[in-house]
Amino acid sequence: MYAFWCCPFWKSGWNIFDFVVVAIGVLSVFQVELPGPLSMLRMMRAFRVFRLFKRVKSLNKIMVSLAKAVPGVANAFFILLLVMSIYAIIAVDLFKDYGKGGKYINIKGNEVALITSRQQEYGYEYFGNFGKSLYTMFQVLTGESWAEAVARPLLHGNSVPEAFGVAFFFVSFIVVNGVVLTNVVVAVLLEKMVDDEKEPQEEEEEEEEDEEEDEEEDNNVKSLATAPQAGGEGGLTPESAEAARAQNWHWPMTYEPGNAKAWTHGTNGDTNGDSQ
């Protein structure tokens, strides 16, 4: 702060971050008791590792690419959430009353107790409302014990058609959300990162192409200027041709040696400069 005379110091986000971390460290050294949840601020010292993202060029490049990919990835995540919500709504209508009373009838016609480890009815705990159903579908998406805890009780009911419907419901959810849309999110992220790497290369290539075109135009003008002209001898010097080109002067359709009006502003063949 002293080196930057205070004001410029606060213009950098990293400087503000360092100030907060150091201030919290000083409070910890002097064992200052912070009230309530403010005591959790001591953990901010662990975030000093983020300084590496600024100092290490490769890490900084990755973080910048991730930041630029956020809008596209957010759109892909929104589609993923939308499809998951549709499945959650359907699951509430289909399964919220399953196992009501703490039991169900299996395929053999036997009555089987169906109480979760939290002593709740199966349908109510997993699909009782939209929030519970959405969380259950997220559990299915992660693959965390969904087959045994969520799908198996529904598959082993006393109706074969219902069992096929349940199987189709969960398998289609895994294929659409777990395979297709999840990979779409990854693809969008990678595309944005690759595009970010290509931009500097494309700019360099465009600059090289522009330089080559300018050089080719210079060579064409010099060759025309030094070549013998119709009805005369010799030609313009390269220096005069370059000066004419810099002033946007163009060669007329006919050329008369010694005629000072041979070069005029305008387009080729426009000796009057009125573009006619």
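**Notes on the predicted model**

1. Start with Arg118, which makes a salt bridge to Glu125 with the closest N and O atoms 2.4 Å apart. A salt bridge here means a side-chain nitrogen of Lys or Arg within 4 Å of a carboxyl oxygen of Asp or Glu. The two partners sit in unlike settings: Arg118 is partly exposed at 47% relative accessible area, whereas Glu125 is buried at 14%. Buried means under 20% relative accessible area, exposed means over 50%, and partly exposed is in between (1.4 Å probe, protein chains only).

2. Before going on, a word on what we're looking at. This is a predicted model, where local features need pLDDT of at least 70, side-chain atom pairs count only at pLDDT 80 or more, and totals for chains, interfaces and linings use all residues. Residues are numbered from 1 along each chain as its sequence is written, and side-chain values use heavy atoms, with hydrogens and water left out.

3. How many salt bridges are there by this rule? The count is two. Besides the Arg118 pair, Glu111 and Lys103 meet through their side chains at 3.5 Å, N to O. Glu111 is exposed, with 53% relative accessible area, and Lys103 is partly exposed at 39%. As background, side chains of opposite charge can pair when their charged atoms come close.

4. Now the overall layout. The protein chain has eight helices and four strands, and along the sequence they run α-α-α-β-β-α-α-α-α-α-β-β. Helices (H or I, at least four residues) and strands (E, at least two) are DSSP runs, numbered from the N terminus. Of the 276 residues, 26% are buried. The accessible surface is about 19,100 Å², and carbon and sulfur atoms hold 61% of that; these areas come from the Shrake-Rupley method with a 1.4 Å probe, and for residues only the protein chains shown count as cover. Among contacts with a separation of 6 or more, 51% join residues 24 or more positions apart, a contact being heavy atoms within 4.5 Å.

5. The largest nonpolar core has 24 residues, and the members touching the most others are Phe95, Tyr122, Phe127, Met137, Leu154 and Phe170. At least two residues each come from α3 (57–95), α4 (122–127), α5 (130–142), α6 and α7 (160–226). The largest share, seven residues, is from α3. A nonpolar core is a set of buried Ala, Val, Leu, Ile, Met, Phe, Trp, Tyr and Cys residues joined through side-chain atoms within 4.5 Å.

6. There's also a second, separate core of five residues, including Ala69, Val73, Ala76 and Val185. Leu181 is worth clicking on too: this α7 residue is buried, with 14% relative accessible area. Leu181 lies 105 residues from Ala76 in sequence, yet their C-alpha atoms are 7.6 Å apart. Leaving out residues up to four places away in sequence, Leu181 touches Ile79, Leu80, Val83 and Val176.

7. Which residues of helix α6 (residues 146–155) are buried? They are Val150, Ala151, Pro153 and Leu154. Seen down the α6 axis, these buried residues fall within an arc of 160 degrees, so they line one face of the helix. The arc is taken from the directions from the helix axis to the C-beta atoms. Leu154 contacts Phe95, Tyr98, Tyr122, Phe127, Val166 and Phe170, setting aside neighbours within four places in sequence.

8. Two backbone spots to check by eye. Gln119 isn't a glycine but has a positive phi of about 60 degrees; this residue lies in the loop between β2 (111–113) and α4 and is exposed at 65% relative accessibility. Ser145, also not a glycine, has a positive phi of about 50 degrees. Ser145 is in the loop between α5 and α6 and is partly exposed at 38%.

9. Last, the surface. Val22, Val26, Leu27, Val29, Phe30 and Val32 form a nonpolar patch with about 530 Å² of accessible area together. Patches take residues with over 30% relative accessible area and no salt bridge; like charges are joined within 9 Å, and nonpolar side chains (Val, Leu, Ile, Met, Phe, Trp, Tyr) within 5 Å. Leu27 belongs to helix α1 (residues 13–29) and is partly exposed, at 30% relative accessible area.
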